[in-house]
Amino acid sequence: MSPAHTEGGLRQTRPGSASADNPSELAPLSSTLADNPPESTELGFYVHVPFCAKRCGYCSFNTAPLEDGTMARYLEALHREIDLLGGIAWSSRVRLSTIFFGGGTPSLLAAEELGAVLARIRARFDVAADAEVTVECNPESVTRDKLAGYRAAGVNRLSLGVQSLDDSILPRLGRLHDARGARVAFEAARAAGCDNLSVDLMYGLPGLDPDGWTRAVEAVLDWEPDHLSAYGLTLDAGSLWGAAGVEGLPTEDTQIDQYWRLARAAAARGLEHYEISNYARPGRRSRHNQIYWRAAEYLAAGPGACGFVGRLRYANVKATPRYCETLAGGELPIASSEHLSKGQRLAERLILGLRTADGIPAALLETRLGGDARLRDLVERWRARALLVDVDDRVRLSEAGFLLSDALFVELL
Ligand code: SF4
């Protein structure tokens, strides 16, 4: 779900979520969560629900087919994992400020199933009274009643995976809804009382011309969502399209044009472009995703989910059957972990922070530049071109800088 082109920092980043190839990039397990208490007393909590009714062509997330009995086995394992995480000595000293159900397709969960998971988390952790609780939903798997049940269980934010409003493109993507179904799902969410509602769109799609993109953006903005995420397509290795290729991709210039059309349309409707691929009404930024972009700490549960606590980044086993077996044996299903060095943490703070409109403290960038004359020269050239902008004691990328950010991020690593 990110652009095929190298120049955009427009890739989808959802660090807690389970990409098909994330865990294998990590070093072998060398430490455990119990030995690595968090530095903060506030954590996010990502829950990966792997099941999808059908695999989309562009998708590289860790998904699993929904077969007889698989959801029940997964939920049993997830409850055990929550118990084990909650049993870690330091867990009683932290508060969860956000909970995010991502996937996969979390909206395949019945309201009672989702409510039971949330109740288990609340039984094992101190969850802030104002915690943001988000569920990713696909239009074909929600009804007003189900979403009202989610809300009654404590869900206060929904993220609706619309991706496109073109009925000739949606089936090519492998999506199971049409444009009308997306609209119906949005209205069902509002009718169920959701006042913090996000819509996901994708650009750079095969067969998507600039005017078609503008029509989709304007149509979604007419719905008045509280938040909009829009990612450019990339063909990641773990996707069906990445393996087999796909016809009809727009040119790089067309993708860039689509980025600017969105940025202008969102600004005209009063949405803040607060992260490279994310827009929000005032007060409606995603609190959970901001934990990622601030390189802050979060627990993760579910097959292939990745967490970051203390200096430890860890990843669960990806395969859902093995995930369930490991937990049935009473073990946390951590497949790999690594301790981030001071330099790695600095680079992460810079790169993730520069994805946002808030940017980073200028002093942090100065620490990275140190005596590196070549990098300092590059940064000064970015400043001269207004790609990097100084605001008080912070540095941020401009919207044009967002587009070119990968080039800078490579240098900052
Ligand atoms: S519904 Fe989402 S997670 Fe599932 S295959 Fe499609 S893009 Fe991937």
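The paragraphs below go through selected parts of a predicted model, from a three-stranded sheet to a helix, a hairpin, a pocket and several single residues.

The sheet is open and holds three strands in the order β15-β17-β16, paired in the antiparallel sense. Strands β15 (360-361) and β16 (388-391) are at its edges; each has a single partner strand, so one side of each lacks a neighbour in the sheet. Between β16 and strand β17 (residues 394-397), the antiparallel pairing runs over four bridges. Within this part of the sheet, Asp390 is opposite Val395 of β17. The loop between β16 and β17 contains Asp392. Phi of Asp392 is positive, at about 55 degrees, although the residue is not a glycine. In general, most residues other than glycine have a negative phi. With a relative accessible area of 78%, Asp392 is exposed. Helix α14 (residues 399-412) lies across β16 and β17, and its direction makes an angle of about 95 degrees with β17.

Helix α10 spans residues 320-328, and its buried residues are Thr320, Tyr323, Cys324 and Leu327. These residues fall on the same side of α10, because the arc they cover around the axis is only 95 degrees. What do the buried residues of α10 pack against? Their neighbours are β2 (51-52), β3 (64-65), α1 (70-86) and β13 (312-316). The other side of α10 carries Pro321 and Glu325, which are exposed. For Glu325 the relative accessibility is 57%, above the 50% cut-off, so the residue counts as exposed. Glu325 also gives a sense of distance in the model: Val379 is 54 residues from Glu325 in sequence, and their C-alpha atoms are 50 Å apart. Just after α10 comes Gly330, whose phi is positive at about 85 degrees.

Strand β13, one of the elements against which the buried residues of α10 pack, also belongs to a hairpin with β12. Strand β12 covers residues 306-309; Cys306 and Phe308 point one way from the strand, Gly307 and Val309 point the other way, and all are buried. The strands β12 and β13 run antiparallel and are joined by four bridges. One bridge pairs Val309 with Leu312 in β13. Two residues separate the strands of this hairpin, and Gly310 in the turn has a positive phi of about 60 degrees.

The second largest pocket comes next. About 610 Å³ of space lies in this pocket. Its lining is made by 30 residues, and those closest to its centre are Arg294, Ala295, Ala296, Arg349 and Leu364. Which elements give two or more residues to the lining of the second largest pocket? They are α9 (287-293), α11 (342-354), β15 and α12 (362-369). Helix α11 gives the most to this lining, with six residues. Strand β15 thus has two roles in this account, as an edge strand of the sheet and as a contributor to the pocket lining.

Ala295, one of the residues closest to the centre of the second largest pocket, sits in the loop between α9 and β11 (298-301). Phi of Ala295 is positive, near 55 degrees, in a residue other than glycine. The relative accessible area of Ala295 is 16%, under the 20% cut-off, so Ala295 is buried. Asp392, described above with the sheet, also has a positive phi without being a glycine, but Asp392 is exposed.

Two further sites complete the account. The peptide bond between Gly103 and Gly104 is cis, with omega at about 20 degrees. Most peptide bonds are trans. Gly104 belongs to the loop between β4 (95-103) and α2 (111-124). The other site is Ala243, which is part of helix α7 (residues 240-244). Is Ala243 buried or exposed? At 70% relative accessibility, Ala243 counts as exposed. Ala243 and Tyr58 are 185 residues apart along the chain, while 9.9 Å separates their C-alpha atoms.

Technical notes. Residues are numbered from 1 along each chain as its sequence is written. This is a predicted model: local features need pLDDT of at least 70, side-chain atom pairs count only at pLDDT 80 or more; totals for chains, interfaces and linings use all residues. Side-chain values use heavy atoms; hydrogens and water are left out. Two strands pair if DSSP finds at least two bridges between them. Contact means heavy atoms within 4.5 Å. Axes are lines fitted to C-alpha atoms, for helices over the stretch in contact, and angles run from 0 to 180 degrees between N-to-C directions. Buried means under 20% relative accessible area, exposed over 50%, partly exposed in between (1.4 Å probe, protein chains only). The arc is that of the directions from the helix axis to the C-beta atoms. On a 1 Å grid over the protein atoms alone, a cavity is a set of points where a 1.4 Å probe fits but cannot get out, and a pocket is an open set with protein on both sides within 12 Å along at least five of seven lines; lining residues have an atom within 4 Å of a point. Grid points are joined across faces, edges and corners, and a volume is the space filled by probe spheres set on the points.
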